[in-house]
Amino acid sequence: MEKAINRQRVLLEHLRPSSCFSRQVHESSSSLSASICLAGDSAAYHRTAALDDDIVIVSACRTAICKAKRGAFKDTPVDDLLAAVLKAVLEKTTVNPNEVGDIVVGTVLAPGSQRGIECRMAAFYAGFPDTVPLRTVNRQCSSGLQAVADVAAYIKAGFYDIGIAAGVETMTVDNIERIKSDNPKVDTFAQARDCLLPMGITSENVAERYGVTRQEQDQAAVVSHQRAAAASASGKFKDEIVPVSTKVVDPKTGEVKPIIVSVDDGIRPNTNMADLAKLKPAFKKDGTTTAGNASQVSDGAGAVLLMKRRVAMKKGLPILGVFRSFAAVGVDPAVMGVGPAAAIPTAVKSAGLELDDIDLYEINEAFASQYVYCCKKLKLDIAKVNVNGGALALGHPLGATGARCVATLLNEMKRRGKDCRFGVISMCIGSGMGAAAVFERGDF
């Protein structure tokens, strides 16, 4: 009982919407009763009318994710990709674009100023007036999730009541290139030097340091493709994917064909252990990371519309999810992929919960090595993790992945209903970090 009371106090303190409410919590925390602390699990997570300033998600969508250079978006400008999802979140809710306080876009590979301008252009294509500002954010692979956290924090702080978090990446155009440094200090600071390691080498380091086998990695890839294929075939992704009208150029003839893209094109339903075993290591001669058990390079975009609960209720909008907490942590750059194993417990604790309270996880499968390690380290039930596949099958458009995960997680939680209350999104981050966020199903 004491543990449940403690958790209730953490929740109320963490989510207090104003100084007035903070005083009320302080005055009443000592008298928390068993009536609202029903048990030592998520039952203690009690919502009250005083939490009308919860930060909620009323819409979350994404484009299909397509293979870079070979997929359906290879000839689609990045601003068109982003415009499609920015326009969609408004259309799904009929929110007036003039009411949006800010648009924050996660993006990684392109030069910052150039991409910032392209994103601003996308907002105009999507119908936003020039009075709505926009900025980009880059925390490597967590950029889309960081955008969501930033907008949630700004709304909570009172800077505005409605904001859009998004993410976009066109890896067809913007390549991952090895970063070099001419600073002589790099040779004397091992961890600074390790920040420059190719991501594939950090995957090999995780596998070697923590004993993740090639078979475990290949099996994770098989499961990811099987789950993604099943989800796609059953229509699960239709609630989150925005069809994009674009064009594709035939590389041989130069013929331009108009197309509508609404299906992820990186999923390989027939992926199997025998075929994966034939692939050679991609980053190290005697390594275990291959093209088959690493995430695909991809093009895609996603967007999330956030606001205060009272605003959503006033507008009569259905609440898809509630933003509960976020954490970014640092880890050893040489094994950057372990980031989720450190970030998830921190974010869950910040939300006043425990790992056992989490019903679903979306953990980015940057590499099978780090994904397998994190699941084993946290002793997660794999039946709760990436139930519709992950980046090994869908692809990983770096800046967009966080927003994509929000759309996938919240729509799956909605389908599962009362048996699914809390979900977590997490990913590793280049140079040695991890990020994680906790969400609650909106209609709980």
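This talk walks through selected residues and contacts of the structure shown above. Please keep in mind throughout that it is a predicted model.

Let me begin with the nonpolar interior. The largest nonpolar core has 53 residues. Within that core, the residues that touch the most other members are Leu 82, Leu 86, Ile 103, Phe 128, Ile 164 and Met 307. Which helix gives the most to this core? It is helix H3, spanning residues 78–91, with 10 residues. Phe 128 deserves a closer look. Setting aside neighbours within four places in sequence, Phe 128 is in contact with Leu 86, Leu 90, Pro 97, Val 100, Ile 103, Ala 123 and Ile 164. Three of these names, Leu 86, Ile 103 and Ile 164, have already appeared among the residues that touch the most other members of the core. There is also a second, separate core of 36 residues, which includes Ala 207, Val 335, Val 372 and Tyr 373.

From that second core I move to helix H12, where Ser 369 is placed. Is Ser 369 buried or exposed? Its relative accessibility is 0%, so it counts as buried. The side chain of Ser 369 makes a polar contact with the side chain of Ser 203, at 2.7 Å. Beyond its neighbours within four places in sequence, Ser 369 is in contact with Ser 203, Val 206, Ala 207, Val 212 and Gln 217. Ala 207, one of these partners, belongs to the second core.

Next, the aromatic residues. The structure holds 5 aromatic pairs. One of them joins Phe 283 and Phe 367 edge-to-face, with 6.3 Å from centre to centre and 80 degrees between the planes. What does this pair tie together? Phe 283 lies in the loop between helix H9 (273–277) and strand S8 (298–308), and Phe 367 lies in the loop between strand S10 (360–363) and helix H12 (368–377), so the pair ties together parts that are 84 residues apart in sequence. The two partners differ in exposure: Phe 283 is partly exposed, with a relative accessible area of 39%, whereas Phe 367 is buried, at 9%.

Elsewhere, ring pairs link Tyr 154, Phe 159 and Tyr 160 into a cluster. Tyr 154 also has a charged partner, as the charged end of Arg 135 sits over its ring, 5.4 Å from the centre. A further arginine, Arg 62, lies over the face of Phe 237, at 5.0 Å from the ring centre.

Arg 62 leads us to Ile 241. This isoleucine is found in the loop between helix H8 (214–233) and strand S6 (244–249), and it is buried, with a relative accessible area of 10%. Leaving out residues up to four places away in sequence, Ile 241 touches Arg 62, Thr 63, Ala 64, Ser 262 and Asp 264. Ile 241 and Thr 408 are 167 residues apart in sequence, and their C-alpha atoms are 9.3 Å apart in space.

Another loop residue is Thr 107, found between strand S3 (102–106) and helix H4 (112–125). Thr 107 is buried, with a relative accessible area of 6%. Which backbone oxygen does its side chain reach? It is that of Val 168, at 3.3 Å. Residues up to four places away in sequence aside, Thr 107 touches Arg 115, Thr 136, Val 137, Asn 138, Ser 143, Val 168, Glu 169 and Gly 399.

I turn now to the cysteines. The count of disulfides comes to 0. For Cys 141, the nearest cysteine sulfur is that of Cys 428, 6.0 Å away. The cut-off for a disulfide is a pair of sulfur atoms within 2.5 Å, so Cys 141 is in no disulfide. Cys 141 is buried, with a relative accessible area of 14%, and Cys 405 also counts as buried, at 0% relative accessibility.

Finally, two backbone angles. Lys 69 has a phi near 70 degrees, a positive value in a residue other than glycine. Lys 69 is found in the loop between strand S2 (66–67) and H3, and it counts as partly exposed at 47% relative accessibility. For Gln 140, phi is near 50 degrees, again positive in a residue other than glycine. Gln 140 is placed in the loop between strand S4 (134–137) and helix H5 (143–157), and it counts as partly exposed at 33% relative accessibility.

Conventions: Residues are numbered from 1 along each chain as its sequence is written. Side-chain values use heavy atoms; hydrogens and water are left out. Helices (H or I, at least four residues) and strands (E, at least two) are DSSP runs, numbered from the N terminus. Buried means under 20% relative accessible area, exposed over 50%, partly exposed in between (1.4 Å probe, protein chains only). Contact means heavy atoms within 4.5 Å. Rings of Phe, Tyr and Trp (its six-membered ring) pair if their centres lie within 6.5 Å; planes under 30 degrees apart count as stacked, over 60 as edge-to-face and the rest as tilted. A charge sits over a ring if NZ of Lys or CZ of Arg is within 6 Å of the ring centre and within 35 degrees of the ring normal. A polar contact is a pair of N or O atoms within 3.5 Å; within protein, one must be able to donate a hydrogen and the other to accept it, and residues adjacent in sequence count only if both atoms are side-chain atoms. A nonpolar core is a set of buried Ala, Val, Leu, Ile, Met, Phe, Trp, Tyr and Cys residues joined through side-chain atoms within 4.5 Å.
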